[in-house]
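Please look over the structure shown here, with attention to its enclosed spaces, one helix pair and a handful of loop residues.

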Amino acid sequence: MKTTTATLVLALGLAACGKSSDETANANLDAITPSEQPSAPVAKKVPHKMIVHGHERIDNYYWMRDDERKAPEVIAHLEAENTYTDTVMRHTKELQELLFEEMTGRLEKDKSTVPVYHNGYWYYTRYLPEKEYAIHARRKGSLEAAEEVMLDVNQLAKDSGYFSVGRLGVSPSNRLLAYPEDNVGRRVYTIRFKDLKTGELLPDKLENASPVAVWANDNQTVFYINKDRQTLLGYQVMRHKLGTPQSEDVVVYEERDKAFYTWISKSRDGELVRIHHSSTTSSGQSILNANAPLTDFSPLHPREEDHEYSALKLGDEFYILTNWQAENFRLMKAALADAADKSKWQEVIPHNNDVLLEDFTLFNHHLAVIERKAGQTGLRIINLENNKDIQVGFNDPVYRLGLSANPNLDSNSVRVSYSSLTTPNSVYEAELDTGNLELLKQDIVPGGFDPEHYQSEGILITARDGVKVPVSLVYRKDKFRQDGSNPLLQYAYGSYGSTVDPWFRSSVISLLDRGFVFAIAHIRGGQKLGRAWYEDGKMFNKKNTFTDFIDVTKGLTKMKYGAPDKIFASGGSAGGLLMGAVVNMSPELYRGVTAAVPFVDVVTTMLDESIPLTVNEYDEWGNPNNKDSYEYMLSYSPYDQVKAQDYPNLLVTTGLHDSQVQYFEPMKWVAKLREFKTDKNRLLFNVNMEAGHGGSSGRFRRYHETALQYAFYLDLIGQEAVAVPVE
């Protein structure tokens, strides 16, 4: 066995020194001398009275809200929080650095994507070994042709602390590139244009935009979405002609209902520009002839309350995925002239109470569908001419499967993305006639990763009301003993019907190799078990999400997957709400909890229509302007339910420029927790002053944040920065 720096990982500190995990963790804290003992920032209290439905609330930390993010007192307090976190975690710096090196060492340094052929060119993205950002390139006609670099994001980002590029849009002529850029992290983009032949930038700049631009077929007209400057919601579809000032752009559609999100795209045959309208409970499309950009958009089918539909065009027909008389959705088809009349729709795939129709795509003679049955997705291919039906199977116990890039209607195969807790991200093609699979690319994981060393499982745990909650698990075989001795990290999201399927996260290996079990709880609020699973975890059923998570923790402990004193929990955004609710309800279950960009001030936020995403989400959480919703939301809102009790160790993270969950929500929450908590456990708040909701940009830098979180867990159970060889 050869030992090199590249093959070193962190060993258990307790194994090296013979101490218990509690003794080691306490020793780490005691190592700070009395003169160095940090004092946690204490926020001033300024009572702010709010009276709703005759009920009075006093918010002592409302003053922390600063819409401009420039108030000296706010910035000073955030910087003090960062200093405190750095000081408390100073003794883990070596551990963090080793974790960072280990996690980034598993990234394929010169990674490239599988090329996609469209309109005469092969398009792909590649990375240079030590660079943070992608290079977007193409080759004309053949992969043997000379490379044309369309965009080197490293050059664009060189003077920015944060940089993000939205969806690239190449004109039908293949000559011009539209690309949205954001150098703040607020998800407000400026769309720029580049001549791909000369390499020159055009003078056109479309500011205050969503991250997408769609070309009409004249190669001169571009459609984009203008954002409301207060709520940051995209609400106006604009038409721009190259060479003219943005002030002359024309509003071609304006969304007046703040409950709807607006997005735009182009049909795969290039004939239509589409506006997508989407709220929590209804959705639809409007279309325009891409060859006649000066005409008006018209609805494919009128929007209706509680009707969700999306449509794809094939020839003169539209295939429509709809929940009309179908909770788990069904697939219909109709000619354009009949699309507005549901009575004329023809059924292609009927509704199935046991199967959620999740996604689909079309080819000239075939239909490819992603279906979810008993919690697991599968690929189904249907021949549209003879109705031959093929089911394509995959072998992992639990996995994630989805449609990948399929721009060409005349393809003889469908491309899918595949991953599992032990299988790196992969791209397959399935032949449309046979279903035979071909692996095009699987991510390389440097550093000696061997999937045979790891085991994944899918189990069911019974919640308090009798429902069985699916749980996906992974652990390292030689580190795991089902005797209740392993540390365990439990993750979940549980909102918006978003299903967190088990996919490969190379960073988690750093925990598995140290004896952790990693568990994903597929709690209500997602759609793991179909649409009803979502409905049973929203609005007045929201508390099911929290109790499911707690009951999964108890079940995993009872089944001896994790040690009762070494259970950790993690969630972000709406999953951060989950963390906040759980630590209020059952704090004794967890050794430590990380909450990233947490949505914790539910009632105050949902009463403020000026905050991004508020009105859009009334059908998810409820409208607190209604007394029944107000009382129910108040009964679980993490900020409002903070009380005098012991809390677990907590690490809370956010970004100053977060556009989804404003920085002041976690800031207020941390201040209130410090005021009320009765324990001496750690309460740390780490603020990225240069980022938004998604954290740091760049493919390496973001792992500094992950390293901090993992060091937080490991340090609490006494694992130190001791290097041992990996076989």
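In this predicted model, the second largest cavity is lined by Tyr62, Arg65, Asp601, Thr604, Thr605, Asp608, Ile611, Phe664, Glu665 and Lys668. Two elements, α10 (602–606) and α13 (664–676), each give two or more residues to this lining. The biggest share comes from α13, which supplies 3 residues. Sorted by class, the lining of the second largest cavity holds 5 charged, 3 nonpolar and 2 polar residues. The volume of this second largest cavity is about 60 Å³.

How many cavities of 30 Å³ or more does the count give? The count comes to 3. The largest cavity encloses about 70 Å³ of space. Its lining is made up of Tyr493, Gly494, Ser498, Thr499, Val500, Ile520, Ala521, His522, Ile523, Gly526, Gln527 and Lys528. By class, the residues lining the largest cavity are 6 polar, 5 nonpolar and 1 charged. For the second largest cavity, by comparison, the charged class has 5 residues. Spaces of this kind come to light when a probe the size of a water molecule is rolled over the atoms, which shows where emptiness is left.

The helix α13, already met in the lining of the second largest cavity, also packs against another helix, α3 (residues 72–88). The axes of α3 and α13 lie 12 Å apart and form an angle of about 65°. The crossing of these two helices is left-handed. On the α3 side, the contact is made by Val74, His77, Leu78, Glu81 and Tyr84, and on the α13 side by Met667, Val670 and Arg674. By class, this contact has 5 nonpolar, 2 charged and 1 polar residues.

Next come two loop residues with positive phi. Val597 sits in the loop between β37 (592–596) and α10, the latter being one of the elements that line the second largest cavity. Phi of Val597 is positive, at about 35°, although the residue is not a glycine. Is Val597 buried or exposed? Val597 counts as buried because its relative accessibility is 9%, and the cut-off for buried is under 20%. Asn174 is another residue other than glycine with a positive phi, in this case near 70°. The loop that holds Asn174 runs between β9 (169–170) and β10 (176–182). With a relative accessibility of 13%, Asn174 therefore counts as buried.

Two further loop residues can be read by the same accessibility rule. Pro293 lies between β18 (283–289) and β19 (298–299), in the loop that joins them. Its relative accessible area is 9%, so Pro293 is buried. Which residues does Pro293 touch, leaving aside those up to four places away in sequence? They are Ala216, Asp218, Thr221, Phe223, Arg239 and Leu288. Of these contacts, Ala216 is 77 residues from Pro293 along the chain, while the C-alpha atoms of the two are separated by 6.1 Å.

Lys566 belongs to the loop between α8 (543–558) and β36 (567–572). Lys566 has a relative accessible area of 18% and is therefore buried, since the value falls under the 20% limit. In sequence, Lys566 and Gly592 are 26 residues apart, and in space their C-alpha atoms are 8.2 Å apart.

Ala374 gives the opposite reading of accessibility. Ala374 is placed in the loop between β25 (366–373) and β26 (376–383). Why does Ala374 count as exposed? The reason is its relative accessibility of 74%, because exposed begins over 50%. Even so, Ala374 touches Asp354 and Leu529, with residues up to four places away in sequence not counted. Val355, which is 19 residues from Ala374 along the chain, has its C-alpha atom 7.6 Å from that of Ala374.

Note on methods:
Residues numbered from 1 in each chain as written. Predicted model: local features only at pLDDT ≥ 70, side-chain atom pairs only at ≥ 80, totals over all residues. Heavy atoms only, no water. Helix = DSSP H or I, 4+ residues; strand = E, 2+ residues; numbered from the N terminus. Buried < 20%, exposed > 50% of the residue type's maximum accessible area, 1.4 Å probe, protein only. Contact = heavy atoms within 4.5 Å. 1 Å grid on protein atoms, 1.4 Å probe; cavity = no way out; pocket = protein on both sides within 12 Å on 5 of 7 lines; lining within 4 Å. Points joined across faces, edges and corners; volume = space filled by probe spheres on them. Nonpolar A, V, L, I, M, F, W, Y, C, P; charged D, E, K, R; others polar. Axes fitted to C-alpha atoms, helices over the stretch in contact; angles between N-to-C directions. Left-handed = near helix turned anticlockwise from the far one by under 90°.
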